Amino acid sequence: MNWGQFVVQWLHVGLGVLWFGTVLYNATILIPAISRLPLGEQRRVGSLIGEQGFKVIRPVAGAVILLGLIRGTLFGPIKSLDMLTSAYGITWLVGLAFAIGAYVWAERMVGPALARMNAIPEAEALGPDGAPTPALESAVGVVKRNAVLELGFFAVIFTCMILMRFGL
Ligand code: HEM
């Protein structure tokens, strides 16, 4: 039993579950549930959840990627550049690329969409009748769409993780 490998894999899988699970939960439960609230409340709740989410997931995602690098190299078969062209090496690289992609997507597409939604002044968010303005509707829609689309990255990452288990 290689205890170093055990600890790295334990942390990698545990933190990976937290990262992937958060995105999965957002798309399947949180966003559909929040969508039943009036739009003004969706913005308030969404902005608090987004703020907390970024605070927690930023370091978690960084750690998952770092641990994945260590698991594949120091505690895995990728000991030379040649190994990167093996089936395992390619799968590992694809997993790495999509994990970085998921991180960048959240930073570039989800975070700024949340900021744009929050930047709409109260007076421009709700009309005189208290109904949400098209500007608010569209901003909230973009946040939800971008958060759900992040799942696409995880479909690939998860497949890579399982393939590597079988040496591919
Ligand atoms: C959200 C991102 C990720 C999640 C949820 C995740 C999840 C997992 C899981 C569940 C396993 C265990 C698979 C098994 O034993 O059946 C695993 C293994 C592994 N992961 Fe990740 N992972 C993620 C990102 C990454 C990244 C970015 C890399 C590379 C830099 C990576 C490299 C590895 C390696 C090398 C293994 C060991 C595969 C083996 O030889 O059995 N992972 N990961």
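# Helices and their neighbours

Trainee: In which helix is L66 found?
Mentor: Let's begin with a reminder that we are looking at a predicted model. In this model, the helix that holds L66 is α2.

Trainee: Is L66 buried, exposed or partly exposed?
Mentor: We can count the C-beta atoms around this residue. L66 has 14 other C-beta atoms within 10 Å. A residue needs 20 or more to be buried and 12 or fewer to be exposed. The count of 14 lies in between, so L66 is partly exposed.

Trainee: How far apart are the C-alpha atoms of L66 and L96?
Mentor: Along the chain, L66 and L96 are 30 residues apart. In space, the separation of their C-alpha atoms is 9.7 Å.

Trainee: Which residues does V45 touch, not counting residues up to four places away in sequence?
Mentor: V45 has its place in helix α2, and it is partly exposed, with 14 other C-beta atoms within 10 Å. One residue to look at is I34, 11 residues away in sequence and 7.9 Å away in space, C-alpha to C-alpha. Leaving out residues up to four places away in sequence, V45 touches I34 and L37.

Trainee: How are α1 and α2 oriented to each other, parallel or antiparallel?
Mentor: Two packed helices are described by the angle between their axes and the distance between the axes. Helix α1 (residues 3–34) and α2 pack with their axes 8 Å apart, at an angle of about 155°, and α1 passes α2 in a left-handed crossing. Angles over 145 degrees count as roughly antiparallel. Therefore α1 and α2 are roughly antiparallel.

Trainee: Where does α1 bend, and by about how much?
Mentor: Start with the span: α1 has 32 residues and reaches 43 Å from its first C-alpha to its last, close to the 46 Å expected at 1.5 Å a residue. Now look for the bend along α1: the place is N26, and the angle is about 50°.

Trainee: What covers the buried residues of α1?
Mentor: First, let's name the residues themselves: V8, H12, L15, G16, W19, F20, V23 and N26 are the buried residues of α1. N26 is thus a name to remember, as α1 also bends there. What covers these buried residues includes α2, α5 and α6.

Trainee: Which residues in α5 meet N26, A27 and I31 in α1?
Mentor: The axes of α1 and α5 come within 9 Å and cross at roughly 150°. The two helices are therefore roughly antiparallel to each other. On the α5 side, the residues that meet N26, A27 and I31 of α1 are K144, A147 and V148.

Trainee: What word describes how α2 and α5 lie to each other: parallel, antiparallel, perpendicular or oblique?
Mentor: The axes of α2 and α5 are 10 Å apart, and the packing angle is about 40°. Roughly parallel needs an angle under 35 degrees, and roughly perpendicular runs from 65 to 115. Therefore α2 and α5 are oblique.

Trainee: Which residues of α2 and α5 make the contact?
Mentor: From α5, the contact uses L136, E137, V140 and V143. Their partners in α2 are L39, Q42, R43 and G46.

Trainee: By about how much does α3 bend at A106?
Mentor: Helix α3 (residues 87–119) has 33 residues and reaches 47 Å from its first C-alpha to its last, close to the 48 Å expected at 1.5 Å a residue. A106 is among the buried residues of α3. At A106, the bend of α3 is about 30°.

Trainee: Is A102 buried or exposed?
Mentor: A102 is found in helix α3. Its C-beta surroundings hold 23 other C-beta atoms within 10 Å. With 20 or more counting as buried, A102 is therefore buried.

Trainee: Which residues does A102 touch, not counting residues up to four places away in sequence?
Mentor: What covers the buried residues of α3 includes α2 (39–72), α5 (134–149) and α6 (151–165). For A102, leaving out residues up to four places away in sequence, the residues touched are E150, F153, F154 and I157.

Trainee: How far apart in space are T159 and G95, C-alpha to C-alpha?
Mentor: T159 is found in helix α6, while G95 is one of the buried residues of α3. In sequence, T159 and G95 are 64 residues apart. In space, C-alpha to C-alpha, the distance is 8.4 Å.

Conventions. Residues are numbered from 1 along each chain as its sequence is written. This is a predicted model: local features need pLDDT of at least 70, side-chain atom pairs count only at pLDDT 80 or more; totals for chains, interfaces and linings use all residues. Helices (H or I, at least four residues) and strands (E, at least two) are DSSP runs, numbered from the N terminus. The expected span of a helix is 1.5 Å times one less than its number of residues. The bend at a residue is the angle between axes fitted to the seven residues ending there and the seven starting there. Two residues are in contact if their C-beta atoms, placed from the backbone, lie within 7 Å. Axes are lines fitted to C-alpha atoms, for helices over the stretch in contact, and angles run from 0 to 180 degrees between N-to-C directions. A crossing is left-handed if the near helix is turned anticlockwise from the far one by less than a right angle, and right-handed if clockwise.
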